[in-house]
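Subject: Structure handover

Hello,

Here is the structure I promised to pass on. Please open it first, then read my notes below.

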Amino acid sequence: DIKMSGAHRGNPGAGYYVALLGATFLMASSFIASKILLNADVPPLLLAGWRFFAGSFAALPLVLLAKSSWPTTLAPPHFTLRKWALVLLLGLLQTAATTGLLFLAMRTISAGTAAILLFTNPLWVALIGHFALRERLSGLRLGGLFCGIFGVSLALGASGTGLSHEPLAGQLIGLASAICWALATILLKRTRLPISVWALNFWQMFVGALLLLATAYALGEHWPPVALSSMPRGRGERILVV
């Protein structure tokens, strides 16, 4: 959501594509790493909560890049109670609901299927945006929407990610995760909160992490003493990571 300069918009340099590939790799690897941890009986909500708690503080140095002082950047003086409530709602939808539901889904479905279901998000944004933002679904948009649905269907039918081989409950939870992400995107676009993108990123992750951790501990989730325990690797082989 960071605005690019006119030069970058017209002719992005090599650094842009390197950053794009790097971000894609990191996003893809996060699904695999999360699935490994979930297979090792790490509780899903606790895992998601601590992940974003750490991530929120990792984003803090970027807040320091703002022209104003960091307290003013993090807590703009013009922010009303209503705007803080919207930040809380964004944290609930974008971080707590999206990631919490995604990790719950990955307990029963593959990382590949979870990733494909999550990234149906643009399709839901287009559909919901038509009603919530009065964005007209032109012929071109409708064509793109149908192509996206067809592409998702092909991807889910690929070897190892067929929906028929995975629990329906997990699939529906994965779709719910994508819809929560779409709702957060629509809310952000509609409200246009006057706050630094990095400050919003911090609050969104921090609030979402607290909600996830509170829910996890309320449900009795506890971090296991052994993070990864005796996962089968091959015949007669096991990996034990403490």
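In which loop does Asp41 lie? Asp41 sits in the loop between H2 and H3. Keep in mind that this is a predicted model.

**The loop residues**

Start with the backbone of Asp41. Its phi is near 70°, a positive value in a residue other than glycine. That stands out for a general reason: most residues other than glycine have a negative phi. Asp41 also counts as exposed, because its relative accessibility is 61% and the cut-off for exposed is over 50%.

Arg192 has a positive phi too, of about 50°, although it is not a glycine. Look for Arg192 in the loop between helix H10 (168-191) and helix H11 (197-218). Arg192 is exposed, with a relative accessible area of 61%.

**The whole chain**

Now step back. The chain has 242 residues, and 36% of them count as buried. Its secondary structure comes to eleven helices and two strands. Read from the N terminus, the order is α-α-α-α-α-α-α-α-α-α-α-β-β.

The accessible surface is about 14300 Å². Carbon and sulfur atoms hold 69% of that surface. Take the contacts in the chain with a separation of 6 or more: residues 24 or more positions apart account for 80% of them.

**H2 against H3**

Back to the helices on either side of Asp41. H2 covers residues 14-39 and H3 covers residues 44-58. Their axes come within 10 Å and cross at roughly 135°. An angle of 115 to 145 degrees falls outside the perpendicular and antiparallel ranges, so H2 and H3 are oblique to each other. The crossing of H2 past H3 is right-handed.

Which residues make the contact? On H2 they are Ser30, Ser34, Leu37 and Leu38. On H3 they are Pro44, Leu47 and Arg51. By class, the contact of H2 with H3 has four nonpolar, two polar and one charged residues.

**H3 against H6**

H3 also packs on H6, which spans residues 81-105. The angle between H3 and H6 is about 135°, and their axes are 8 Å apart. That makes H3 oblique to H6. H3 passes H6 in a right-handed crossing.

From H3, the residues that meet H6 are Pro44, Leu45, Leu47, Ala48, Arg51 and Phe52. Their partners in H6 are Thr95, Thr99, Gly100, Phe103 and Leu104. This contact of H3 with H6 has seven nonpolar, three polar and one charged residues. Compare the two lists. Pro44, Leu47 and Arg51 of H3 appear in the contact with H2 and in the contact with H6.

**Gln94 in H6**

Stay on H6 and find Gln94. Is Gln94 buried or exposed? Gln94 is buried, because its relative accessible area is 18% and buried means under 20%. Leave aside its neighbours within four places in sequence, and Gln94 is in contact with Thr99, Trp181, Ala184 and Gln204. Thr99 is also one of the H6 residues that meet H3.

**A helix inside**

Last, look at H7, residues 111-118. Why is H7 largely enclosed by the rest of the structure? Six of its eight residues are buried, so the rest of the structure largely encloses H7. The buried ones are Ala111, Thr113, Ala114, Ala115, Leu117 and Leu118.

Best wishes

Note on methods. Residues numbered from 1 in each chain as written. Predicted model: local features only at pLDDT ≥ 70, side-chain atom pairs only at ≥ 80, totals over all residues. Heavy atoms only, no water. Axes fitted to C-alpha atoms, helices over the stretch in contact; angles between N-to-C directions. Helix = DSSP H or I, 4+ residues; strand = E, 2+ residues; numbered from the N terminus. Parallel < 35°, antiparallel > 145°, perpendicular 65-115°, else oblique. Left-handed = near helix turned anticlockwise from the far one by under 90°. Contact = heavy atoms within 4.5 Å. Nonpolar A, V, L, I, M, F, W, Y, C, P; charged D, E, K, R; others polar. Buried < 20%, exposed > 50% of the residue type's maximum accessible area, 1.4 Å probe, protein only. Areas by Shrake-Rupley, 256 points an atom, 1.4 Å probe, with all protein chains shown as cover.
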